[in-house]
Amino acid sequence: WSLAVGMGTAVMALGIGRVGTEIQFGMKKQVTSRWAGLFYATIFAGMLMPGSVLAAGLLELVSLSPSLNGLRQSWLMVCLGQTGRLAGVALIVMLLARRHMRVFLKERAMTEGADGFGLWWVTERPFVLPLLAGAVLLVIMLSMTEIPATMLLLPAGQPNFAQRLLNQMHYARDQQVIASCLILTGVFGLLAAAAAACLNRIGRLSRGVGGSLCVLLAVLTLVGGCKPEAGQVEPGVAGIFGKTGSGDGEFVYPRAIDIAADGTVIVVDKTARVQQFTAEGVFQSVFRMPEFETGKPTGVTIGPDGLIYVADTHYHRVIVFDRQGKEIRQFGRYGKGEGEFIYLTDVAFGPDERIYVSEYGGNDRVSVFDTKGMFLFAFGSFGTGQNCFTRPQALCADWKRGRLYVADACNHRIAIYDFQGQLKGYWGSIGTDAGQMRYPYGLTLMKDGSLAVCEYGNNRVQIFDTEGNSSAIYGSAGRNSGQLAYPWAIAADSQGNLYIVDAGNNRIQKWRM
């Protein structure tokens, strides 16, 4: 019964803590300034005042209405009294953790690309649940030994650990008191270890990522604007096109882009549409993938022959279209064997027109085909070591230097191969500093041979010179011009402009370099 009361108290305390964090972080400033002071004063006054006073006040409130007599004899009455005393504990835990986790949860959301319930399940659940569990355990521990309010509010005949312990002490039953205290110490030791493990997990995350980013968050939220981090450069935005929607020139989470020799921009979004635009973003035409119920493509490439090669990710094949959307051919099927795919992500071409296709989902490799789609060889495997990939998301071929760049997204690095599949080295590591990256999802080669990397996790574009040195960082997280939300892909035109798939904002940004 004492544990049940503690759990009921914890649920109520978490509800109050949730309201408190929303007041602090989720509401408008004028609402916060009006109600926050009163709310926090009430909660913390209840935590600091004598429990007997709080309980007496609660009993007086219940006595005002005869309809509440049933509540007076319910164990919920004890929960209410203990909540008045302990809600401040849960509120403090949640405020401290939320303060440090706001940016980190945002970053996780960006790296996962989910929405709705999927967003919560993939990004917030692993961090929110340990937080809630830790707060619940703390409240339960305090609830089991809360005496002043409990003794006044406890209904007659309901068993309670603290009451029984007091009775044992009153009757001088020393052995029972010692045994009860030893049991209580053991239970509290287990609960404390579990609470520490839960809250320590949050602490590690906030120190490792969220803590280092909360300063940036403070800067980003000043006067409703954003300022670039040190080392970042404001991009020269030459144009923005697209908006949320399923009509012509509109997008629902675009994820792939390439630019034809004549400057036409080809974009694929999660409606499985392949749209074509002028270099200025004027809509030209659209066609839809033949099948899309299972999933949507994540890669598109204009081949040397001028045809459109679509990585039809969830149908385990490459489909080749002409510019009018007529299917020319396709190759690949589901499987782990030669010439088979699980979830292919991108297509690139070597100087001899060999076709390179990346995939993930277990294979995590790059397969090579001839111009007719016949399998030649493959390289790489799933893992984190040398010659391994964890979701190779994008490919980029540098014919002049004999390099094939692979965005090894979940290993947070760029792998460099020759066109025979021999590993030459890696650039980058996980992080937010120059030369580091978080989930590189898009690659494109610039006119001078530099590699532009679209970082899904850092919401920016980073430029690497031919030696692998970071030469510039553009953009930051946000909704304004020059800012990005979950950028998926990137392409460069012959004039040196970059086109960035600003997926979370359902638009394409054209940056002048």
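**Strands, a surface patch and two buried residues**

In strand 5, phenylalanine 277 is the residue that stands opposite valine 265. This pair is a good place to enter the structure, which is a predicted model. The two strands concerned are strand 4, covering residues 265-268, and strand 5, covering residues 273-277; they run antiparallel and are joined by four bridges. Both belong to an open sheet of four strands, arranged in the order 3-4-5-6 with antiparallel pairing. At the edges of this sheet lie strand 3 and strand 6 (283-288), each of which pairs on one side only. On average, neighbouring strands of the sheet are turned by 15 degrees against each other, with direction ignored.

Glutamate 250 comes from a loop, the one that links strand 2 (236-241) to strand 3 (256-259). Is this loop residue buried or exposed? Glutamate 250 has a relative accessible area of 18%, and because the cut-off for buried is under 20%, glutamate 250 counts as buried. Leaving aside residues up to four places away in sequence, its contacts are Lys243, Thr244, Gly245, Asp269, Arg273 and Gln275. One of these partners, Arg273, falls within strand 5 (residues 273-277).

A helix offers another buried residue. Leucine 95 is placed in helix 5, which spans residues 75-112, and its relative accessible area of 16% makes it buried. Where the chain meets itself can also be followed from here: leucine 95 and arginine 18 are 77 residues apart along the chain, yet their C-alpha atoms are separated by 9.0 Å.

The surface has its own features. Ile147, Leu166 and Met169 together form a nonpolar patch there, with a combined accessible area of about 230 Å². Of these residues, isoleucine 147 sits in the loop between helix 6 (116-144) and helix 7 (148-153). How does isoleucine 147 count, with 30% relative accessibility? It is partly exposed, because that class lies between the cut-offs of 20% for buried and 50% for exposed.

Stepping back to the whole protein, the model contains nine helices and 27 strands. The protein has 513 residues, and 52% of them count as buried. Its accessible surface comes to about 22,700 Å², with 57% of that area belonging to carbon and sulfur atoms. Contacts along the chain can be viewed in a similar way: among those between residues at least 6 apart in sequence, 51% join residues at least 24 apart.

How values were computed: Residues numbered from 1 in each chain as written. Predicted model: local features only at pLDDT ≥ 70, side-chain atom pairs only at ≥ 80, totals over all residues. Heavy atoms only, no water. Patch = residues over 30% accessible without salt bridge, like charges linked within 9 Å, V, L, I, M, F, W, Y side chains within 5 Å. Areas by Shrake-Rupley, 256 points an atom, 1.4 Å probe, with all protein chains shown as cover. Salt bridge = Lys/Arg side-chain N within 4 Å of Asp/Glu carboxyl O. Buried < 20%, exposed > 50% of the residue type's maximum accessible area, 1.4 Å probe, protein only. Contact = heavy atoms within 4.5 Å. Pairing = 2+ DSSP bridges. Axes fitted to C-alpha atoms, helices over the stretch in contact; angles between N-to-C directions.
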